[in-house]
Amino acid sequence: MLLRNATIATMTGEGAYGLIENGAISHDDGKIRWVGPEADLPSDLSERGEDMEGRLITPALIDCHTHIVFGGNRAGEFEMRLNGASYEEVARAGGGIVSTVTATRDTPEGELLTDALTRADALIAEGVSVIEIKSGYGLDIDTEIKMLRVARRVAASRDVRVKMSFLGAHAVPAEYKGRNADYIAEVCLPALEQAVAEGLADAVDGFCEGIAFSVEEIEPVFAKAKELGLPVKLHAEQLSNIGGTKLAAKYGALSADHVEYADESDAQALAGSGSVAVLLPGAFYTLHEKQVPPVDAFRKHGVPMALATDCNPGSSPLASLLLTMNMGCTLFRMTPEEALAGVTRHAAQALGLDDTGVIAPGKRADLAVWDVAQPAELAYRIGFNPLNRRIFGGEG
């Protein structure tokens, strides 16, 4: 199949957006065969093709940090925060993550799937082809595994790739209050082993924060992940700086996520490990945070920056990657090109994917066609979806 007469943002890192004006893309058997200026089309392709009428084509988008499998909602806590309670105060009062745990444990698998699909559909409708989905609202072995099974069923129910992250070290359940190390040893690690045995984990995540787990408590989880051959990633430096980013770098993490309180030494550590900084402006916005991630330090040290929705029931009830791009620009002062790279090339890197995220020969034919004149429009508009069509593995 040949798409011609298009503006193509290849996102290969060559020039602004890797832009090709009056370009064409040939794809076959789910992969890109050729991309370049239409004037340079190989002779065997020049007589065929679909006219894109000048539309913009980008790699399909990637949401590299979500929690879209959960039970219930936390609209009541949203109201509490608006009446003056902080995120930390809500969590310490038994709300936050732990309140979602109760609802998720009580929700049947089929209902969890139905609700997760509504969120996945919202993302797919914006040109998303890959969604990372975490566990972490079970905090017991059975529910953590249930969540990951639901994540796998999302991929089976829709034309979308799903990467599953085991997040057993997300919070301490009420029954283990004050016994963090016991929870890690008795629940988190056995649940991780079962998830791996059932083929339900592509990576291992954790929440390293004062209201969750310390560096010392997370390290056994990462050591087990290494033993099992899984890459790691980490929620780090969201509310304070307690050393999570450096721990992630020590283990060569795929990514360190949130990182609002990271500093220049953290940026240097991530640069040394090749890890991606995943920025989550939806949580920053919802929680009325003031401390922005050290974007300038990440630029200075060459740390790739990804963007993601962090779609979850509490701190980021956001299911729009396009709005996330706008937030990344307006709240964190990223450029529109950095924002688009953050939901394509760098998002793929944050998930350990090397077959997508750019438009180049040999890569998957996962593409988004947009009714816009220039790439910056994708981050510029608010509450507007200009997707014309999504091509997934060459289909669409």
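**Exercise 1. Describe the setting and backbone of aspartate 310.**

*Solution.* Aspartate 310 sits in the loop between β13 (305-307) and α12 (321-332). The model under study is predicted. Turning to the backbone, the phi of aspartate 310 is near 60 degrees, a positive value in a residue other than glycine. The final step concerns accessibility: residues under 20% relative accessible area are classed as buried. Aspartate 310 has 2% relative accessibility and therefore counts as buried.

**Exercise 2. Determine whether aspartate 29 is buried or exposed, and describe its backbone.**

*Solution.* Aspartate 29 belongs to the loop between β2 (19-28) and β3. Its phi is positive, at about 55 degrees, although aspartate 29 is not a glycine. For accessibility, the cut-off for an exposed residue is over 50%. The relative accessible area of aspartate 29 is 76%, so this residue is exposed.

**Exercise 3. Locate histidine 67 and identify the residues that it touches.**

*Solution.* First, the position: histidine 67 is in the loop between β6 (61-63) and α1 (75-82). Second, the accessibility: histidine 67 counts as buried because its relative accessibility is 2%. Third, the polar partner: a polar contact of 3.2 Å joins the side chain of histidine 67 to the side chain of histidine 65. Fourth, the other neighbours: leaving aside residues up to four places away in sequence, histidine 67 touches Lys134, Ser135, Tyr137, Leu167, His170, His235, Asp310, Cys311 and Asn312. This list includes Asp310, the residue treated in the opening exercise.

**Exercise 4. Characterise the packing of helix α6 against helix α7.**

*Solution.* Two packed helices are described by the angle between their axes and the distance between the axes. Helix α6 (residues 180-197) and helix α7 (residues 215-228) pack at an angle of about 20 degrees, and their axes are 10 Å apart. Angles under 35 degrees count as roughly parallel; α6 and α7 are therefore roughly parallel to each other. The crossing in which α6 passes α7 is right-handed. On the α6 side, the contact is made by Asn180, Ile184, Cys188, Leu189, Leu192, Glu193 and Val196. On the α7 side, Glu217, Pro220, Val221, Lys224, Ala225 and Leu228 take part. By class, the residues of this contact of α6 with α7 comprise 9 nonpolar, 1 polar and 3 charged.

**Exercise 5. Carry out the corresponding analysis for helix α5 and α6.**

*Solution.* The axes of helix α5 (residues 141-157) and α6 come within 9 Å, crossing at roughly 40 degrees. The crossing of α5 past α6 is right-handed. From α5, the contact is made by Ile141, Ile145 and Leu148. From α6, it is made by Glu186, Val187, Pro190, Ala191, Gln194 and Ala195. The contact of α5 with α6 has 7 nonpolar, 1 polar and 1 charged residues.

**Exercise 6. Establish the environment of threonine 245.**

*Solution.* Threonine 245 is part of helix α8 (residues 244-250). Its relative accessibility is 0%, so threonine 245 counts as buried. With residues up to four places away in sequence not counted, threonine 245 touches Ala236, Glu237, Ala256, Val259, Ala262, Asp266 and Leu270. A further step relates threonine 245 to glutamate 216: the two are 29 residues apart in sequence and 13 Å apart in space, C-alpha to C-alpha.

**Exercise 7. Place alanine 39 and state its exposure.**

*Solution.* Alanine 39 lies in the loop between β3 (31-37) and β4 (50-51). Alanine 39 counts as exposed because its relative accessibility is 77%. Between the C-alpha atoms of alanine 39 and alanine 24, 15 residues apart along the chain, the separation is 8.9 Å.

Methods. Residues are numbered from 1 along each chain as its sequence is written. This is a predicted model: local features need pLDDT of at least 70, side-chain atom pairs count only at pLDDT 80 or more; totals for chains, interfaces and linings use all residues. Side-chain values use heavy atoms; hydrogens and water are left out. Axes are lines fitted to C-alpha atoms, for helices over the stretch in contact, and angles run from 0 to 180 degrees between N-to-C directions. Helices (H or I, at least four residues) and strands (E, at least two) are DSSP runs, numbered from the N terminus. Angles under 35 degrees count as roughly parallel, over 145 as roughly antiparallel, 65 to 115 as roughly perpendicular and the rest as oblique. A crossing is left-handed if the near helix is turned anticlockwise from the far one by less than a right angle, and right-handed if clockwise. Contact means heavy atoms within 4.5 Å. Ala, Val, Leu, Ile, Met, Phe, Trp, Tyr, Cys and Pro count as nonpolar, Asp, Glu, Lys and Arg as charged, and the others, Gly among them, as polar. Buried means under 20% relative accessible area, exposed over 50%, partly exposed in between (1.4 Å probe, protein chains only). A polar contact is a pair of N or O atoms within 3.5 Å; within protein, one must be able to donate a hydrogen and the other to accept it, and residues adjacent in sequence count only if both atoms are side-chain atoms.
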